[in-house]
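Please consider the structure shown below. The explanation that follows takes up one residue, then a sheet, and then the surroundings of the ligand.

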Amino acid sequence: MKKLTILIAGDKGQLGGELFAQLSLQNFELLRGSDYGLDITCRDACLCLLDKLSPDIIINAAAYTAVDHAEANQEQAFLVNGESPKTLAQWCQQHSCYLIHISTDYVFSGTKPLYRTYCEADPVDPVSVYGQSKLQGENHIAAIMTDGYAVLRTAWLYGFYGNNFLKTMLKLTLANPEKEFKVVNDQYGSPTSTIALSHQILLLVNKRAAGEKVSGVFHATSDDYCSWYEFACEFFQLMNVKHHFLPCSTQEYPTAATRPTNSILENKHLNALNINSFVDWRKDLCRYVNQHGEQLLNDLKQ
Ligand SMILES: NC(=O)c1ccc[n+]([C@@H]2O[C@H](COP(=O)([O-])OP(=O)(O)OC[C@H]3O[C@@H](n4cnc5c(N)ncnc54)[C@H](OP(=O)(O)O)[C@@H]3O)[C@@H](O)[C@H]2O)c1
């Protein structure tokens, strides 16, 4: 039987890096966009490359993810997050290629009373340029593709590759062990490990390989929720690193982009199809520390 050809766009990012590591363990023809100079904003070159590579599945983990910078760089954010998914969707629709596209909790305003969850049917209303640009990408895909796509809205990603909130806090703390750091304690979400999300993506890939139709928008985050402050404290406790974090409000920690207060998503569609592979975020965090904790410390000491 012919191996499925899977192209990962954004394979050098934190999710893309983990996806490549996880999918390499499987029996696929795996292509990294970066090996071919894939730039999803260059429409003609991108279409040409897709014709040449002819993937059965594209996983789009490429994005403009600098949430605060996006406020002043609207054009670039909309080009990468809004327009480029359109190019991928058009090619996928024409060539019966399954498109797995990663989106975000930031498509919601986050004004729902805490701690009620957002499901896929809830109205979207992004409050940042990043969120608006990601929503435009989602809308293009839904308008172009009849079926054969999965838009996965995830949140609060962390993993071994690239940068994330936990690595930043660890770096700051190790450089200034006695310093007090304020951490936001009134925004809530579900920390999601890139390994857990990669496993969920693999499950969708296998469904596709088995000829099952899984299509639409899916919330894809770990179970249960916390604030950024609680997330940081849990991580440092597992890492056994002393810290001096002070819980603070969003108002005390102003950023260029407005962030949703309530970012708690419910994986309603995955659950309805009985294919939700996520577990409690604390369990995944524990695995992350067991697997990578020592290396994280060593990397920062160098
Ligand atoms: N990080 C989070 O907490 C979070 C939360 C919710 C949703 N998401 C979504 O999850 C997905 C993965 O995020 P991530 O954290 O892995 O992001 P990331 O680490 O910033 O990786 C994004 C990757 O996309 C690449 N890229 C940017 N523009 C490109 C282009 N024009 N063509 C090809 N590649 C391009 C980047 O390459 P360069 O570095 O060379 O630009 C980078 O390797 C994104 O869709 C993001 O919106 C992330």
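In this predicted model, Gln291 is classed as partly exposed because 13 other C-beta atoms lie within 10 Å of its own, whereas a count of 12 or fewer would make a residue exposed and 20 or more would make it buried. Gln291 belongs to helix H9, which spans residues 281–301. A separation of 131 residues in sequence lies between Gln291 and Phe160, yet their C-alpha atoms are 9.3 Å apart in space.

The next topic is a sheet. Three strands, in the order S11-S8-S13, form an open sheet with mixed pairing. Strand S11 (226–227) and strand S13 (262–263) occupy its edges; each has a single partner strand, so one side of each has no neighbour in the sheet. In general, the strands of a sheet pair through backbone hydrogen bonds, in either a parallel or an antiparallel manner. Strand S8 (residues 188–189) and S11 run antiparallel and are joined by 2 bridges. Within this pairing, Gly189 has Cys226 of S11 as its bridge partner.

There remains the ligand. The shell around the ligand holds 27 residues, of which Gly10, Gly13, Leu15, Ala62 and Ala63 come nearest. Helix H1 (14–23) and strand S4 (98–104) each contribute at least two residues to this shell. The largest share, 3 residues, is supplied by H1. As to composition, what are the numbers of nonpolar, polar and charged residues in the shell around the ligand? The shell comprises 13 nonpolar, 10 polar and 4 charged residues.

Key:
Residues are numbered from 1 along each chain as its sequence is written. This is a predicted model: local features need pLDDT of at least 70, side-chain atom pairs count only at pLDDT 80 or more; totals for chains, interfaces and linings use all residues. A residue is near a molecule or strand if its C-beta atom, placed from the backbone, lies within 6 Å of it. Helices (H or I, at least four residues) and strands (E, at least two) are DSSP runs, numbered from the N terminus. Ala, Val, Leu, Ile, Met, Phe, Trp, Tyr, Cys and Pro count as nonpolar, Asp, Glu, Lys and Arg as charged, and the others, Gly among them, as polar. Two strands pair if DSSP finds at least two bridges between them.
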